[in-house]
Amino acid sequence: MSSRIEQLIGEIEDYIDSCKYQPLSNTKILVNKEEMEELLVELRLRVPEEIKKYQKIISQQEAILQDAKVQADGMLKDAKAQTEEMISDNEVMQQAYLRANELVQQAQAQADLIVNNAVADANNIRSNAIKYTDEMLASLETIVSHSMGEAQSRFNALLSSLQNSCDIITSNRRELSKSFVQQGENTAEGAAQEPVQ
């Protein structure tokens, strides 16, 4: 069963695939800002929940490991208690000693097996949790980088458009300024040519 974060990443990928390309471009697309921001906000809210879930799994593995150690210690304690009881009987001291060693070795071997299995399980789950979280963050990084690139492209286009408008305005003002100068010169020439009465 996939997590909500995986579903969100799939939804974002599907949404990007469904977006139309910008005119005269095969790589840039038109994105609905509000819809993309809604998906990213939910994804941002879900990431801490997933991380907490795997932290809980890791803590559970530590509890399992601790429980295994407690069981191993208990088995060793029982083996030692049996050894002391058997050694207390002088008639079967040698037999008790040999049997006690066997019990201790068996208990140690079983305890080692429990601990090793618990450590292997904890390491495996921890490794999978880290790998899964890294994959989610890598997908999120790709999506955010793509969104930043699109925003930068739109900003550059807007800046270029504003610069063109500014250039046109400056040119128009220069033309108006020339018209005022010419009109003033024509008025001065007319006044100079008018006969004095």
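## A three-helix chain and its empty spaces

Q22 sits in the loop between α1 and α2. Here helices (H or I, at least four residues) and strands (E, at least two) are DSSP runs, numbered from the N terminus. The structure is a predicted model, in which local features need pLDDT of at least 70 and side-chain atom pairs count only at pLDDT 80 or more, while totals for chains, interfaces and linings use all residues. Residues are numbered from 1 along each chain as its sequence is written, and side-chain values use heavy atoms, with hydrogens and water left out.

**Two residues in one loop**

Is Q22 buried or exposed? Q22 counts as buried because its relative accessibility is 18%, where buried means under 20% relative accessible area, exposed over 50%, and partly exposed in between (1.4 Å probe, protein chains only). Leaving aside residues up to four places away in sequence, Q22 touches K28, I29, L30 and E150; a contact means heavy atoms within 4.5 Å.

L24 also has its place in the loop between α1 and α2. With 93% relative accessibility, L24 counts as exposed. Look at its backbone too: L24 is not a glycine, yet it has a positive phi of about 65 degrees.

**The chain as a whole**

Now step back and view the whole chain. It has three helices and zero strands, and reading along the sequence gives the pattern α-α-α. The C-alpha atoms fill a box of roughly 160 × 35 × 20 Å, taken along the principal axes. The radius of gyration of the chain is 41 Å, whereas a compact globule of 197 residues would have one near 16 Å. This radius is taken over C-alpha atoms, and the globule rule is 2.2 Å times the number of residues to the power 0.38.

Of the 197 residues in the chain, 19% are buried. Among contacts with a separation of 6 or more, 70% are between residues 24 or more positions apart.

Q61 gives you a place to look at such contacts, and it is found in helix α2. Q61 counts as buried because its relative accessibility is 8%. Not counting residues up to four places away in sequence, it touches D121, A122 and I125.

**Finding empty space**

Rolling a probe the size of a water molecule over the atoms shows where empty space is left. On a 1 Å grid over the protein atoms alone, a cavity is a set of points where a 1.4 Å probe fits but cannot get out, and a pocket is an open set with protein on both sides within 12 Å along at least five of seven lines; lining residues have an atom within 4 Å of a point. Grid points are joined across faces, edges and corners, and a volume is the space filled by probe spheres set on the points.

How many cavities of 30 Å³ or more are there? The count comes to one. The largest cavity holds about 30 Å³ of space, and its lining is made up of I5, I9, L43, V47, M136, L137 and L140. The elements giving two or more residues to this lining are α1 (4-18), α2 (33-87) and α3 (93-193). Helix α3 supplies the largest share, three residues.

For the largest pocket, the space is about 260 Å³. It is lined by 15 residues, and K33, M36, E37, S147 and R154 lie nearest its centre. Here α2 and α3 are the elements that give two or more residues to the lining.

The table sets out the two linings by class: Ala, Val, Leu, Ile, Met, Phe, Trp, Tyr, Cys and Pro count as nonpolar, Asp, Glu, Lys and Arg as charged, and the others, Gly among them, as polar.

| Space | Nonpolar | Polar | Charged |
|---|---|---|---|
| Largest cavity | seven residues | no residues | no residues |
| Largest pocket | eight residues | two residues | five residues |

S147, one of the residues nearest the centre of the largest pocket, lies in helix α3. S147 is partly exposed because its relative accessible area is 23%. Apart from residues up to four places away in sequence, it touches M36 and L40. S147 and E37 are 110 residues apart along the chain, and their C-alpha atoms are separated by 9.9 Å.

**Cysteines**

The count of disulfides, meaning pairs of cysteine sulfur atoms within 2.5 Å, comes to zero. C19 counts as buried at 11% relative accessibility, while C166 counts as partly exposed at 41%.
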